[in-house]
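User: I am new to this structure and would like a close look at its open spaces, followed by a walk through the parts around them. Please take it step by step.

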Amino acid sequence: MEYRHLGRSGLEVSVVGIGCNNFGRRCDLDATTAVVNASLDAGVNLFDTADVYGPAGLSEEYLGKALGSRRQDVVIATKFASPMGEGPMRRGGSRRYIIQACEDSLRRLGTDYIDLYQVHQPDGSTPIEETLRALDDLVRAGKVRYIGHSNFTGWMTSEAAWVAKTEHLTPFISAQNNYSLIDRSVEAELVPACNKHGVSILPYFPLASGFLTGKYRRGEPMPEGVRLAVWPAQMANRIMTDRNWDILEGLENFAQQRGHTVLDVAIGWLASLPHVGSVIAGATRPEQVVDNVKAGSWKLTAEELAEVDTIARR
Ligand code: NAP
């Protein structure tokens, strides 16, 4: 397993991490423990969860239980800001909310520090300085080690980096955004901003919810029990477009010619990009973790990256 520094920090994370949004939802505690054990066995050290995953809070709770005494060997990344209930007091990036949300996450995770605390989504009604100052206080109090953001745009990344620099506050070291071979929209603005400010990308939906694993076939019924069959139909409709089927089939050809699978390209391509810190694919079974870690070891050559560019820019 390769480990990479996150942003310009000293924190090293496995190039394949694990997304925990199945925990508490599609994975009960036993299934969560099996996925966590397989991840640790494979050298994964980054576990990405959020307060809202599960039914709210359950993913953090299961992750904490599954890790047990191995907590000190891993990087726990969690998030705040998405609504945890009705009304303005249970969401956002205000000082008042962040301090409470952090205490709640620490309790559910059964730990006394969070390695990477991420703003899940921008809060346009709270000044970024207030959010950064509250996070800086949590870092100084020893409750949080590093901070990151999610679903920020390029200008938000630059604004936050500038405020942190001029106000001498802890800077964001990671940006978590939707990024895969069927959605490369972050490359226009976010990636250049992150490169400029020393922020690593943590791609979410790297497998487009499983579409890029090859288990879905054009014109055929979906396999039983898979995510896109059990999640609301809008999700599948958004992903299963003619354009995306064309990309998938092009990538399958590309992979087969080189003795690989489309899953290998989906993860290996992201892992080959220097601006990516860790590919945090979700998993529901231990075998998926093993395959995903293996896929992350494929480093595409410059020629292969150029060919993938042609296929995936359709
Ligand atoms: P994803 O990684 O694109 O897809 C995960 C799904 O792909 C799994 O649930 C599993 O589907 C399938 N899968 C994974 N490995 C497989 C394999 N080797 N073979 C076959 N199928 C495989 O989507 P994601 O889990 O939603 O995203 C990754 C992580 O990003 C999340 O867990 C979460 O931590 C984070 N996230 C963040 C945000 C945000 O706003 N910041 C939004 C979404 C996600 P089945 O369920 O069908 O087995």
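What volume does the largest pocket have?

Analyst: In this predicted model, the largest pocket has a volume of about 910 Å³. Its lining is made up of 41 residues, and those closest to the centre of the pocket are Asn21, Asn22, Ser209, Arg227 and Gly282. Two helices, α10 (262-271) and α11 (286-295), each supply at least two residues of this lining, and α11 provides the largest share, which is four residues. Sorted by class, the lining of the largest pocket holds 14 nonpolar, 17 polar and ten charged residues.

Among the residues closest to the centre, Ser209 can be followed in more detail. Ser209 is placed in the loop between β9 and α7 (227-230), and with a relative accessible area of 10% it counts as buried, because the limit for that class is under 20%. The side chain of Ser209 makes a polar contact with the side chain of Arg227, at 3.0 Å, and both Ser209 and Arg227 belong to the group of residues closest to the centre of the largest pocket.

The second largest pocket contains about 250 Å³ of space. It is lined by 15 residues, and Ala161, Trp162, Lys165, Pro171 and His197 are the ones that lie nearest its centre. The elements giving two or more residues to this lining are α5 (154-167) and α6 (190-197), with α5 contributing the largest share, six residues. By class, the lining of the second largest pocket has eight nonpolar, four polar and three charged residues.

Besides these pockets, a search of the whole structure finds one cavity of 30 Å³ or more, and about 30 Å³ of space lies in this largest cavity. The residues that line the cavity are Val16, Gly17, Ile18, Ser39, Val44, Ala281, Val289 and Asn292. Five of these lining residues are nonpolar and three are polar, while none is charged.

From the open spaces we can turn to the sheet. Seven strands form an open sheet in the order β3-β4-β5-β6-β7-β8-β9, and their pairing is parallel. At the edges stand β3 (18-19) and β9 (200-204), each with a single partner strand, so one side of each is left without a neighbour in the sheet. β9 also connects this picture with the largest pocket, since the loop that holds Ser209 lies between β9 and α7.

Within the sheet, strand β5 (residues 75-80) has a partner in strand β4 (residues 46-48), to which three bridges join it in a parallel arrangement, and here Phe47 stands opposite Ile76 of β5. Strand β5 also pairs in the parallel sense with strand β6 (residues 114-119), over four bridges, and Lys79 is found opposite Gln118 in β6.

How far β5 is covered can be read from its residues, since six of its six residues are buried. In a regular strand the side chains alternate between the two faces of the sheet. For β5 the two faces can be listed separately: Val75, Ala77 and Lys79 are on one side, Ile76, Thr78 and Phe80 are on the other, and all of them are buried, which leaves both faces covered.

Two further points concern residues that have not appeared so far. The structure holds zero disulfides. For Cys27, the closest cysteine sulfur is the one in Cys20, and because 9.5 Å separates it from the sulfur of Cys27, the two are too far apart for a bond; the cut-off for a disulfide is a pair of sulfur atoms within 2.5 Å. Cys27 is also buried, with a relative accessible area of 1%, and Cys194 is buried as well, at a relative accessible area of 0%.

The other point is Ile247, which lies in helix α9 (residues 242-256) and counts as buried at 0% relative accessibility. Along the chain, Ile247 and Ala271 are 24 residues apart, and their C-alpha atoms are separated by 19 Å.

Definitions and conventions. Residues are numbered from 1 along each chain as its sequence is written. This is a predicted model: local features need pLDDT of at least 70, side-chain atom pairs count only at pLDDT 80 or more; totals for chains, interfaces and linings use all residues. Side-chain values use heavy atoms; hydrogens and water are left out. On a 1 Å grid over the protein atoms alone, a cavity is a set of points where a 1.4 Å probe fits but cannot get out, and a pocket is an open set with protein on both sides within 12 Å along at least five of seven lines; lining residues have an atom within 4 Å of a point. Grid points are joined across faces, edges and corners, and a volume is the space filled by probe spheres set on the points. Ala, Val, Leu, Ile, Met, Phe, Trp, Tyr, Cys and Pro count as nonpolar, Asp, Glu, Lys and Arg as charged, and the others, Gly among them, as polar. Buried means under 20% relative accessible area, exposed over 50%, partly exposed in between (1.4 Å probe, protein chains only). Two strands pair if DSSP finds at least two bridges between them. A polar contact is a pair of N or O atoms within 3.5 Å; within protein, one must be able to donate a hydrogen and the other to accept it, and residues adjacent in sequence count only if both atoms are side-chain atoms.
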